[in-house]
Amino acid sequence: MQTFARVPWKVYLLIMVMVILGPLGNVLLGKGMKRIGVASGWNQAGLLHFLTQLSGSGVIWLGLLCLMAFFTAYMLVLSWADYSYVQPASAVAYAMVALLGHFLLGEVVTPVRWAGVLIICLGVLVVGHTPPRTTEFRG
Amino acid sequence: MKNEIILLLLIMVAGTGGELCVARTMQAVGPATDLRPAALIRLILRALRNGWMWLGFLLMTVGFFSLLEMLSLENVSFVVPVTALSYGFGALGGKVFLREQVTRKRWAGVLLVCLGVGLVLIGQR
């Protein structure tokens, strides 16, 4: 079994990349789609016009790039660490969105939401104290 | 109500099942040792040659469309917090399907994350 104690920084770094790029990609795609609007029709001309607008949108491309980078980071992390380690650790994204919303956008975060953020961080801390990799390479 | 239950199960089983298949692929591909772009592309291509990866994509797509369908039937405030349960399902899948050692400590952490995600999602309504 490969012990992972030697390179944990890669796991933490890429989980942070996932936590930032996943929600960012979704937000960019959402923003791009709102700008473009719905397809004018499901006939050939309508779809062609929609696809032309889609492929010409820089925001959509940026969103796709973020999601591709997110998925690459996800694959890499899963090549080093357990799924049952990575999945709860990536829930930090929920805390990150609440924190960014509050401090950057001035959004009101309810006490229930703050309690949730604290409990997520506590949960991630507990999972983070378990060995990241407990299985062997199956190749 | 029967349709809603089936959709909720699909969201959790197919969505998380898809991620478990991707994890299974990466167990087979092995740990990435070289992070240069060419090596990363080779790693991705190796993963794409694994059947589990394609099953993963298929299941994640089913999970995504089930979520969209569920959102058209029920309120977001009901649907989204339920997805917090997928963390528990993921840990169970990791233990059974991927043979990961999910210790009591990891279970405790997963349950805290489930609870926390549920509260965050309820608290934003």
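How many residues does the contact take from chain A and from chain B? It takes 41 residues from chain A and 47 residues from chain B. This is a predicted model, and the legends below walk you through it one close-up at a time.

**View 1. The contact between chain A and chain B.** Putting the chains together buries about 3,800 Å². Carbon and sulfur atoms give 68% of that area. If you would like residues to pick out on the chain A side, try A:Met75, A:Tyr83 and A:Arg138: they supply 19% of the area that chain A buries against chain B, more than any other three residues.

**View 2. Helix 3 of chain A meets helix 2 of chain B.** Here we follow one crossing between the chains, where residues 58-80 of chain A form helix 3 and residues 37-48 of chain B form helix 2. Their axes come within 11 Å and cross at roughly 75 degrees. That angle lies in the 65 to 115 range, so helix 3 of chain A is roughly perpendicular to helix 2 of chain B. From helix 3 of chain A, the contact draws on A:Thr72, A:Met75 and A:Leu76. Helix 2 of chain B answers with B:Leu40, B:Leu43, B:Ile44 and B:Ala47. By class, 6 of the contact residues are nonpolar and 1 is polar, with no charged residues. A:Met75 may look familiar: it is also one of the three residues named for the area chain A buries against chain B.

**View 3. The largest cavity, with residues from both chains.** The structure holds 1 cavity of 30 Å³ or more, and the space in the largest cavity is about 40 Å³. Chain A lines it with A:Leu78, A:Ala81, A:Asp82, A:Tyr83, A:Arg133 and A:Thr135. Chain B adds B:Ala23, B:Gln27 and B:Glu100 to the lining. By class, that lining comprises 4 nonpolar, 2 polar and 3 charged residues.

**View 4. The largest pocket.** About 2,300 Å³ of space lies in this pocket. Its lining counts 45 residues, and those closest to the centre are A:Gly22, A:Pro23, A:Asn26, A:Phe70 and A:Tyr94. Sorted by class, the lining has 32 nonpolar, 11 polar and 2 charged residues.

**View 5. Chain B and its helices.** Chain B has 6 helices and 0 strands, and its elements run α-α-α-α-α-α from the N terminus on. The C-alpha trace of chain B spans about 45 × 35 × 25 Å along its principal axes.

**View 6. Helices 5 and 6 within chain B.** Helix 5 (residues 86-96) and helix 6 (residues 104-123) of chain B pack with their axes 8 Å apart, at an angle of about 155 degrees. Since the angle is over 145, helix 5 of chain B is roughly antiparallel to helix 6 of chain B. On the helix 5 side, the contact is made by B:Tyr87, B:Gly88, B:Ala91 and B:Leu92. On the helix 6 side, look for B:Trp107, B:Val110, B:Val113, B:Cys114 and B:Val117. These contact residues divide into 8 nonpolar and 1 polar, with no charged residues.

Technical notes
Residues numbered from 1 in each chain as written. Chains lettered and ligands numbered in written order. Predicted model: local features only at pLDDT ≥ 70, side-chain atom pairs only at ≥ 80, totals over all residues. Heavy atoms only, no water. 1 Å grid on protein atoms, 1.4 Å probe; cavity = no way out; pocket = protein on both sides within 12 Å on 5 of 7 lines; lining within 4 Å. Points joined across faces, edges and corners; volume = space filled by probe spheres on them. Nonpolar A, V, L, I, M, F, W, Y, C, P; charged D, E, K, R; others polar. Axes fitted to C-alpha atoms, helices over the stretch in contact; angles between N-to-C directions. Helix = DSSP H or I, 4+ residues; strand = E, 2+ residues; numbered from the N terminus. Parallel < 35°, antiparallel > 145°, perpendicular 65-115°, else oblique. Contact = heavy atoms within 4.5 Å. Buried area = accessible area lost by both parts, 1.4 Å probe.
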